[in-house]
Amino acid sequence: MKNRRRTIEPPPRVRVLLFPLLASVLYCFLATAVAAEPSVKTFELTIPRAAADAQTRVLRVEKGDLVQLRFRSEAAGEIHFHAYRLDTKVAPGISVELSFKARATGRFRIEWHPAGGAERKGHHASPLATLEVRPK
Amino acid sequence: MTRGSRRCRSGQIWAAACWSLPSPAWAHAFGERYDLPVPLGYFVVGAAVAVALSFVVAALFMRGDSGKLRREGSVVALGPVLPALRIAFQIVSVTLLCTVVVAGLFGTLNPEMNLAPVLVWIIWWVGLSFVVACIGNVWRALDPWRALFEGMDAAARRVGLANGVTLGFTYPASLGAWPAVFLLLLFVWIEVLYPHAVMPSRLAAMTLAWSAVTLLGMVCFGGAAWRRNADVFSLYFSALGRFAAIGAGPDARSLVLRAPGSGLIASPVESLAMVAFVIAMLATVLFDGLLGTQALLLFRHAAIGWLPQLADDRGYFLGTASLIAVWLSFLGAYLLSSFATAQLVRDRPAGAIARLFALTLVPIAIAYTVAHYFSYLVVHGQLIIPLISDPLGRGWDLFGTIQFYPDIGIISARVTWHLAIVSIVVGHVISIWLAHRLALREFHAPRQAVLASVPLTVLMVIFTVISLLVMAEPLVQFGTPGTPS
């Protein structure tokens, strides 16, 4: 009988492991509870890019955020956001908006294709911007 | 319409909307990687654990209690199941080879809408590597060129030709496995640096060219000699497969079950060319990641600043130079560590040491492949589901899966990060473990064995830290953050 009772009791080493386990479960629960409210992130993007933008534009949001991209263009063309399967036509002088929920984490390119398809070198061109959706 | 937001609900509408694009604009969409760099904290923890565990493994072996080698695996006889499976595999793989060529030549030009690039670059090259490393070398049964050659050979023998279709030339011994080393570097060059590698028509042409070369090679030198020396894919998958728990049995009707990794230390590689091949495997899996790093970018800028003629608009020259430089520096570092070991042990030449330990680096290569490609395979591999219904991009729906569109959120970044760090650390520990076990078997005295594996352990730590750095590195890339308002 005694022996059986002894096996039911967790050995001290297991008890040491239990604490971080419980703590991490609690942390995950709190993290999801606190981060329930999605925030709206708005970005203004001009085409062609202003000189100040230099290299690449990285738009950083968190998973679950509502993202609004506002495009203002001086030329006609199309915006492609392949990963999220979004695209829109752009005309000069008109503001166009793409809005969506950042449902998948990752780094995604937002591409600009000028009208006329003359952009043969577009293969190597850097994207208009990169959207970075980070996990919470 | 001043404000517009449009979401295309089905793949077909989306495809139709984009159909008017010039095809080169498409190529990058195919290979676009969505991975976020691994945060610094993960990197630091991973590196620290890898280094610490290296010492733990060494200490365990120092005590000598892990020196008792377990038995080398058990043979499982499966009767007629294996030959039947092999024939089924060969029929499937020859069919797929033909499909790739037909889809490439006659299908749509859009790489994402054509079966050929997805099947070759994602399912076969990445996916099959995973299967071979984790389960066993199924490529032996799947190899369509081997199946074609053996089929032709058997047919010729039935007709009455005593030698089948082989011409019986002797493979030049001086060449050794160097053709395979060259072909592996060339293949990775195509994969990583050649922008048209995803163009279906080019891919079909390359597949046909390789089919011609490899069949001709087998006809000239015989299947076995060709596969052992020049057939890059046979050698690549066979090296990966030596890690797996299932190995080829003593005959065609049985398999061997063994401890994962034990196949890598069963026997040394045959030649220095094979050492170069194994190092090329490690260098090439890392190369794709290294290409995006600041270090290589700085190297490029420095090189162009020094000699502006080096810059071509596709970056071919510098890309090729850096691929070869990475391979040669890895090879140099490995040979140096072998030389150091030979100096410490003093019972055999450095070349023998290099051949002995080369395959212990394979787990590091596999671990990095898992870290680098798992999310890519899981996200982009889904493209195969709609494509099997419409391999040529003609609007067919053979199996009713055409409406499926990949879910890019199927694996969260946090899962990918954990998987990357855990796999790199585990791969590192397996490599160190194998190196120590091998040293103990070869050098007998535990203390001498541990001493002998110090140079290789140091090198493995360096390779592992490079793997971790490559996963984390883009974190420090420059970029002007957007301004959320």
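Chain B averages a pLDDT of 85, and 88% of its residues score at least 70. The model is predicted, and the exercises below start from its confidence values.

**Exercise 1. Find which stretches of chain B have a pLDDT below 50, and state how many contacts they have beyond near neighbours in sequence.**

Step 1. One stretch with a pLDDT below 50 is residues 1–29 of chain B, which has 47 contacts in the model beyond near neighbours in sequence.

Step 2. Another is residues 475–485 of chain B, where the pLDDT is again below 50. Beyond near neighbours in sequence, residues 475–485 have 24 contacts in the model.

Step 3. Where pLDDT is low, predicted coordinates should not be read in detail.

Step 4. For the complex, the predictor gives an ipTM of 0.76 and a pTM of 0.84.

**Exercise 2. Describe the secondary structure, burial and contact range of chain A and of chain B.**

Step 1. Chain A has 2 helices and 8 strands. Read from the N terminus, the order of its elements is α-α-β-β-β-β-β-β-β-β.

Step 2. Chain B has 20 helices and 4 strands.

Step 3. In chain A, 28% of the 136 residues are buried. In chain B, 41% of the 485 residues count as buried.

Step 4. Take the contacts between residues at least 6 apart in sequence: in chain A, 67% of them join residues at least 24 apart. In chain B the corresponding share is 79%.

**Exercise 3. Classify the packing of helix 12 of chain B against helix 16 of chain B, and list the residues that meet.**

Step 1. Helix 12 covers residues 272–291 of chain B and helix 16 covers residues 362–380 of chain B. Their axes come within 9 Å and cross at roughly 20°.

Step 2. Angles under 35 degrees count as roughly parallel. Helix 12 and helix 16 of chain B are therefore roughly parallel to each other.

Step 3. The crossing of helix 12 past helix 16 of chain B is left-handed.

Step 4. From helix 12 of chain B, the contact takes in B:Val278, B:Met281, B:Leu282, B:Val285, B:Leu286, B:Asp288 and B:Gly289. From helix 16 of chain B, it takes in B:Val362, B:Ile364, B:Ala365, B:Tyr368, B:Thr369 and B:His372.

Step 5. The residues of this contact between helix 12 and helix 16 of chain B divide into 9 nonpolar, 3 polar and 1 charged.

**Exercise 4. Repeat the analysis for helix 12 and helix 20 of chain B.**

Step 1. Helix 20 of chain B spans residues 454–472, and its axis and that of helix 12 of chain B come within 9 Å, crossing at roughly 30°.

Step 2. Helix 12 and helix 20 of chain B are therefore roughly parallel to each other. Their crossing is left-handed.

Step 3. Helix 12 of chain B contributes B:Leu282, B:Leu286, B:Gly289 and B:Leu290 to the contact. Helix 20 of chain B contributes B:Phe463, B:Ile466, B:Ser467, B:Val470 and B:Met471.

Step 4. The residues of the contact between helix 12 and helix 20 of chain B comprise 7 nonpolar, 2 polar and no charged.

**Exercise 5. Locate A:Arg85 and B:Arg346, and decide for each whether it counts as buried or exposed.**

Step 1. A:Arg85 lies in the loop between strand 4 (77–81) and strand 5 (86–90) of chain A. A:Arg85 is not a glycine, yet has a positive phi of about 55°.

Step 2. A:Arg85 counts as buried because it has 21 C-beta neighbours inside 10 Å.

Step 3. B:Arg346 lies in the loop between helix 14 (316–345) and helix 15 (350–357) of chain B. B:Arg346 is not a glycine either, and its positive phi is about 60°.

Step 4. B:Arg346 counts as exposed because it has 9 C-beta neighbours inside 10 Å.

**Exercise 6. Describe the surroundings of B:Ile411 and B:Val56.**

Step 1. B:Ile411 is in the loop between helix 17 (384–389) and helix 18 (413–443) of chain B. It has 20 C-beta neighbours inside 10 Å and so counts as buried.

Step 2. Leaving out residues up to four places away in sequence, B:Ile411 touches B:Ser375, B:Val378, B:Val379 and B:Thr416. B:Ile411 and B:Tyr376 are 35 residues apart in sequence, with a C-alpha to C-alpha distance of 9.8 Å.

Step 3. B:Val56 is in helix 3 (residues 40–63) of chain B. With 12 other C-beta atoms within 10 Å, B:Val56 is exposed.

Step 4. B:Val56 and B:Val429 are 373 residues apart in sequence and 9.6 Å apart in space, C-alpha to C-alpha.

Notes: Residues are numbered from 1 along each chain as its sequence is written. Chains are lettered from A and ligands numbered from 1 in the order in which they are written. This is a predicted model: local features need pLDDT of at least 70, side-chain atom pairs count only at pLDDT 80 or more; totals for chains, interfaces and linings use all residues. Axes are lines fitted to C-alpha atoms, for helices over the stretch in contact, and angles run from 0 to 180 degrees between N-to-C directions. Angles under 35 degrees count as roughly parallel, over 145 as roughly antiparallel, 65 to 115 as roughly perpendicular and the rest as oblique. A crossing is left-handed if the near helix is turned anticlockwise from the far one by less than a right angle, and right-handed if clockwise. Two residues are in contact if their C-beta atoms, placed from the backbone, lie within 7 Å. Ala, Val, Leu, Ile, Met, Phe, Trp, Tyr, Cys and Pro count as nonpolar, Asp, Glu, Lys and Arg as charged, and the others, Gly among them, as polar. pLDDT is the predictor's confidence in each residue, from 0 to 100.
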